[in-house]
Amino acid sequence: MKALARPNIHDLAVYKPGKPIKEVQRELGLEEVVKLASNENPLGPSLLALKALEAAVPDVYLYPDGSSYRLKQTLSEYYGGLDPDQILFANGSNELVQQLSLAFLNPGDEVVAPRPSFPRYEPLARMMNARAVEVDLTDFRLDLEALGRAVTERTKLVYICNPNNPTGTIVTKSEVDAFLGGLPADCLAVFDEAYFEYVDDPAYPDGLEYLRNGNRQVVVLRTFSKCFGLAGLRIGYALADPEIIAFLERVREPFNVNALAQAAAEAALRDGAHKQRVVELNRREKQFLYREFDRLGIEYIPSEANFILFNARRDEQEVFQAMLRQGVIIRGGFGYRTWLRVTVGTREQNEKFIHTLQSVLTEG
Ligand SMILES: Cc1ncc(COP(=O)(O)O)c(C=O)c1O
């Protein structure tokens, strides 16, 4: 079979998701399991979204609207009258990374991406026989100058994950302005803003502003999986120049966004109060976790997102496994020997996480 498969995919890493709760319950015989591994929203979706879902269920025998027309109108209004031709929905923002590869990468082209970051940029470049050039973070932050220096005449896409997963750090507007000023005209800057809604830092640049100001090289990726609590439905979107969107349309599967996701996302956009609750809970609980980390003498990286990277000062895989055995799923494997990432949960979940971490770390 190996001879049948394209050589460039032979050693692509298969994505390893955060361990599902049911799997941990089954494998370890645990009843109570807390998952703080995939940056999901602990409050879940808006009740309006759940109602819209229920109302949409009887029609699932019909194909969905392949163009997501109504949702596009709603999102356009949500962004104060954005041109609907600048919007494209997908089966999670993850799928947009794949579509960007399919639409823009020839063999031998280059993709520049930060490391560690969202782990799909690199394999989805190599899938197309393109070269992924990964640029290490500096002090847990994206180094835009270094990313800029890595751009060559073969570079088609540069990924800027802002806030960055797994560090929660941002690059600032002035850094981005300078970076975009030096970017060759035949290269796209892709801002992965999966955690956009959580950011508080006033220095944070809203990628959409660059589009509004006529920058045609900027692609913004956002999602309903995080702040809107719809990860299980799989829906995200790209905001970009209409010509870029038209190319992504050419590689898009006709019915990639299902009818339930479209209905729920539309309702979720209309529930500003729920979004506010989610953001406020996250803000409050981040402070709780910071205080607890300080109390325990645990180093952490202040985060603009809904997760925190912390230094357990023990082998991260050992800590991950020990936490798992006590029913708390977190995430490691970022290439930092002793650092792990925890998603900000409810107070109850965060307390369980802290108690468990404390017991794991004092067990030696
Ligand atoms: C930075 C980043 N981008 C994209 C995604 C994928 O999100 P979606 O569920 O929309 O595919 C994630 C999910 O963890 C992420 O952290």
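Helices and strands are DSSP runs, numbered from the N terminus; a helix has at least four residues and a strand at least two. In this predicted model, Pro163 falls outside such runs, in the loop between strand S5 (155–161) and H7. A cis peptide bond joins Asn162 to Pro163. Its omega is about -5 degrees.

A cis bond is also found between Arg115 and Pro116, with omega near -5 degrees. Pro116 belongs to the loop between S3 and H5. Arg115 itself lies in strand S3 (residues 110–115). The relative accessible area of Arg115 is 37%, and this residue is partly exposed.

Arg115 also takes part in a salt bridge. Its side chain meets that of Glu134, with an N to O distance of 3.6 Å. Glu134 sits in strand S4 (residues 131–136), and the partners are 19 residues apart. The pair therefore links distant parts of the chain, here strands S3 and S4. Glu134 has 31% relative accessibility and counts as partly exposed.

In total, the structure holds 24 salt bridges. Another of them joins Asp11 and Arg126, whose side chains come to 2.8 Å, N to O. Asp11 lies in the segment before helix H1 (21–28), while Arg126 lies in helix H5 (residues 121–126), so this salt bridge ties together parts that are 115 residues apart in sequence. How accessible is Asp11? Its relative accessible area is 57%. The cut-off for an exposed residue is over 50%, so Asp11 counts as exposed. The Asp11 and Arg126 pair does not stand alone. Asp11, Glu122 and Arg126 are linked in a network of salt bridges.

A further salt bridge connects Glu175 with Arg141. Their closest N and O atoms are 2.7 Å apart. Glu175 is part of helix H7 (residues 173–181), and Arg141 is part of the loop between S4 and helix H6 (144–149), so parts 34 residues apart in sequence are tied together. Both partners are partly exposed: Glu175 has 28% relative accessibility, and Arg141 has 29%.

The loop between S4 and H6 also contains Asp139. The backbone of Asp139 has a positive phi of about 50 degrees, although this residue is not a glycine. Asp139 is exposed, with a relative accessible area of 66%. Arg234 is another residue that has a positive phi without being a glycine. The value for Arg234 is about 65 degrees. Arg234 is placed in the loop between strand S7 (218–223) and strand S8 (236–239). With a relative accessible area of 30%, Arg234 is partly exposed.

Pro205 is also a loop residue. It is located between strand S6 (188–192) and helix H8 (207–212). Is Pro205 buried or exposed? Its relative accessibility is 3%. Buried means under 20%, so Pro205 counts as buried. Pro205 and Phe118 are 87 residues apart along the chain. Their C-alpha atoms are separated by 19 Å.

The ligand was examined next. Where does the ligand sit? It occupies the largest pocket. There are 13 residues around the ligand. Those that come nearest are Ser93, Asp192, Tyr195, Thr223 and Ser225.

Polar atoms of several side chains lie beside ligand atoms. For Asp192, an N or O atom of the side chain is 2.7 Å from a nitrogen atom of the ligand. For Tyr195, a polar side-chain atom lies 2.6 Å from an oxygen atom of the ligand. For Asn165, a polar side-chain atom is 2.8 Å from an oxygen atom of the ligand. How much of the ligand does the protein bury? Taken alone, the ligand exposes 400 Å². The protein buries 93% of that area.

Technical notes
Residues are numbered from 1 along each chain as its sequence is written. This is a predicted model: local features need pLDDT of at least 70, side-chain atom pairs count only at pLDDT 80 or more; totals for chains, interfaces and linings use all residues. Side-chain values use heavy atoms; hydrogens and water are left out. A salt bridge is a side-chain nitrogen of Lys or Arg within 4 Å of a carboxyl oxygen of Asp or Glu. Buried means under 20% relative accessible area, exposed over 50%, partly exposed in between (1.4 Å probe, protein chains only). A residue is near a molecule or strand if one of its heavy atoms lies within 4 Å of it. A polar contact is a pair of N or O atoms within 3.5 Å; within protein, one must be able to donate a hydrogen and the other to accept it, and residues adjacent in sequence count only if both atoms are side-chain atoms. Accessible areas come from the Shrake-Rupley method with a 1.4 Å probe; for residues, only the protein chains shown count as cover. On a 1 Å grid over the protein atoms alone, a cavity is a set of points where a 1.4 Å probe fits but cannot get out, and a pocket is an open set with protein on both sides within 12 Å along at least five of seven lines; lining residues have an atom within 4 Å of a point. A molecule sits in a cavity or pocket if more than half of its atoms lie within 2 Å of its grid points.
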